[in-house]
Amino acid sequence: MTAPLLSLSGVTAFYGAIQALKGVDLDVREGEIVTLIGANGAGKSTLMMTICGNPRARNGCIQYDGAEITGLPTHDIMRMRIAQSPEGRRVFPRMSVYENLQMGAQVTGGRDFAELLAQVYALFPRLQERAGQRGGTLSGGEQQMLAIGRALMSRPRLLLLDEPSLGLAPLVVRHIFGAIRALNRETGLTVLLVEQNAFQALRLAHRGYVLVNGAITMAGSGAELLGRPEIRAAYLEGSH
Ligand SMILES: Nc1ncnc2c1ncn2[C@@H]1O[C@H](COP(=O)(O)OP(=O)(O)OP(=O)(O)O)[C@@H](O)[C@H]1O
Ligand SMILES: [Mg+2]
């Protein structure tokens, strides 16, 4: 079997004296959608950010595309076609939608800009309609589309999505999850997805991991995890 595209082994991370990751092992294979679920404060966002080098992993090893990236500066990691849509949809509020998308394309030096822009607009037509509007005045769902669109403008091989459904109406969530599935099927995009919305996220994913208090406690196919009574009790109760 080929090596995974992304592989974490024994990764720890700290904020001062607080240990947020306690030896995480996790693999993402090329072409997979992998979902990470866990309670508030479990360390999900920290895990995504540690892959991007901020905070740095203190122990353990992060490998991407066959090379070790542990300890590399964030801008070097971004150049390796890893794109992140962080929690809380951090769009540039004063820039227009179009300018936000331009920023996303910067890491690739603007190559294939028109083609990527057309792809993002096809995925999220609303962004094209609002191309001239300031990012900060978009609705929550539109800002989330923009955050994902901006990440896609760097033509990532690995897309890290931190809670894309946060605060969004069910219809918008369905649209965004549908877009992720389409990108994965049509372009082979590999996705690591963090979600509170465990039911939909596990249905979308090929595989999933459960993070509890900074450590992985369970892993399996999306269907397998959905079927487990302890997952249903802890993460799915009343969620659909
Ligand atoms: N910048 C920081 N400084 C100090 N502690 C932090 C910092 N960021 C996160 N933490 C702590 O690290 C732990 C993990 O936080 P993290 O944001 O990774 O959780 P999460 O699983 O993403 O939670 P949520 O579902 O609420 O987004 C928490 O206890 C949090 O308080
Ligand atoms: Mg988080």
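This is a short tour of K44 and ligand 1 in a predicted model.

**Stop 1: helix α1.** Select residues 44–51. This is helix α1, and K44 lies in it.

**Stop 2: the side chain of K44.** Now show K44 alone. Is K44 buried or exposed? K44 is buried. It has no salt bridge, though. Add E163, the nearest side chain of opposite charge. The gap is 4.5 Å, while a salt bridge has to be within 4 Å.

**Stop 3: a backbone partner.** Select G38 next. Its backbone oxygen lies 2.9 Å from a polar atom of the K44 side chain.

**Stop 4: the neighbours of K44.** Leave out residues up to four places away in sequence. K44 then touches L36, I37, G38 and A39. It also touches E163, V194, Q196 and L211. Show these as sticks around K44.

**Stop 5: ligand 1.** Move on to ligand 1 and the 13 residues around it. Which of them come nearest? They are G41, K44, S45, T46 and Q196. Helix α1 gives the most to this shell, with three residues.

**Stop 6: backbone contacts to the ligand.** Select G41, A42 and G43 in turn. At G41, a polar backbone atom is 2.8 Å from an oxygen atom of ligand 1. At A42, a polar backbone atom is 3.2 Å from a ligand oxygen. At G43, a backbone N or O atom lies 2.9 Å from an oxygen atom of ligand 1.

**Stop 7: the cover.** Turn on the protein surface. On its own, ligand 1 has 640 Å² of accessible area, and the protein covers 61% of that.

Technical notes. Residues are numbered from 1 along each chain as its sequence is written. Chains are lettered from A and ligands numbered from 1 in the order in which they are written. This is a predicted model: local features need pLDDT of at least 70, side-chain atom pairs count only at pLDDT 80 or more; totals for chains, interfaces and linings use all residues. Side-chain values use heavy atoms; hydrogens and water are left out. Helices (H or I, at least four residues) and strands (E, at least two) are DSSP runs, numbered from the N terminus. Buried means under 20% relative accessible area, exposed over 50%, partly exposed in between (1.4 Å probe, protein chains only). Lys and Arg count as positive and Asp and Glu as negative; His and the chain ends are not counted. A polar contact is a pair of N or O atoms within 3.5 Å; within protein, one must be able to donate a hydrogen and the other to accept it, and residues adjacent in sequence count only if both atoms are side-chain atoms. Contact means heavy atoms within 4.5 Å. A residue is near a molecule or strand if one of its heavy atoms lies within 4 Å of it. Accessible areas come from the Shrake-Rupley method with a 1.4 Å probe; for residues, only the protein chains shown count as cover.
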